Amino acid sequence: MASLNVKGSLVAGALAAIGASICCVGPLVLLLMGIGGAWVANLAALEPMRPFFIGATLLFVALAFRRLYLMPQVCEHGTPCADPRIVTRQRLVFWIVVVALASLLAVPWMAPLFY
């Protein structure tokens, strides 16, 4: 199995975070848009899977962190990873995604404040 690169880890973590918060984000967004009904309660059926999604999110974020900060980068001169500006941008994007993921994961605890 090929190892995930930083971008793949972040994308997988984002998808897992969306899965973890869909039970609360979905109804909240629909209610804010004025869409309601008894069928919206069916979105809460994913609540038992939430801990697994949170675990997957944390795993993929940890993998991306490991690739960005803990593993030595082996780059040949002239490749994109040899440019320190690109590495700095990757780290900046990593932290922006981590903040976005943390806010998505916090939605179930913050949602009662909105409705």
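Let's start with a helix pair. The axes of helix α2, residues 50-70, and helix α3, residues 84-110, come within 11 Å. They cross at roughly 165°. Keep in mind that this is a predicted model.

Why quote those two values? Two packed helices are described by the angle between their axes and the distance between the axes.

Now read the angle. Anything over 145 degrees counts as roughly antiparallel. So α2 and α3 are roughly antiparallel to each other. And the hand? The crossing of α2 and α3 is left-handed.

Next, who meets whom. From α2, the residues are R50, I54, T57, V61, A64, F65, L68 and Y69. Across from them, α3 supplies Q90, R91, F94, W95, V98, L101, L105, P108 and W109. What is the make-up of this contact by class? Between α2 and α3 there are 13 nonpolar residues, with two polar and two charged.

Let me pick one residue out of that contact. T57 sits in helix α2. Is T57 buried or exposed? Its relative accessible area is 1%. The cut-off for buried is under 20%, so T57 is buried. Who touches T57? Setting aside residues up to four places away in sequence, the partners are G13, A16, A17, L101 and L105. Two of those names, L101 and L105, came up a moment ago on the α3 side of the helix contact.

Now off the helices. C81 lies in the loop between α2 and α3. How accessible is C81? The relative accessibility is 31%. Partly exposed runs between 20% and 50%, so C81 counts as partly exposed. As for company, C81 is in contact with Q73, V74, C75 and V87, leaving aside neighbours within four places in sequence. Of these, V87 falls in helix α3, given its span of residues 84-110.

Time to step back to the whole chain. How many helices and strands does the protein have? Three helices, zero strands. Along the sequence, the pattern reads α-α-α.

Then burial. The protein has 115 residues, and 26% of them count as buried. T57, at 1% relative accessible area, is one of the buried residues.

Surface next. The accessible surface of the protein comes to about 7700 Å². Carbon and sulfur atoms account for 74% of that surface.

Last, contact range. Take contacts between residues at least 6 apart in sequence. Of these, 72% join residues at least 24 apart.

To recap the opening pair: α2 and α3, roughly antiparallel, with a left-handed crossing.

Definitions and conventions: Residues numbered from 1 in each chain as written. Predicted model: local features only at pLDDT ≥ 70, side-chain atom pairs only at ≥ 80, totals over all residues. Heavy atoms only, no water. Helix = DSSP H or I, 4+ residues; strand = E, 2+ residues; numbered from the N terminus. Buried < 20%, exposed > 50% of the residue type's maximum accessible area, 1.4 Å probe, protein only. Contact = heavy atoms within 4.5 Å. Areas by Shrake-Rupley, 256 points an atom, 1.4 Å probe, with all protein chains shown as cover. Axes fitted to C-alpha atoms, helices over the stretch in contact; angles between N-to-C directions. Parallel < 35°, antiparallel > 145°, perpendicular 65-115°, else oblique. Left-handed = near helix turned anticlockwise from the far one by under 90°. Nonpolar A, V, L, I, M, F, W, Y, C, P; charged D, E, K, R; others polar.
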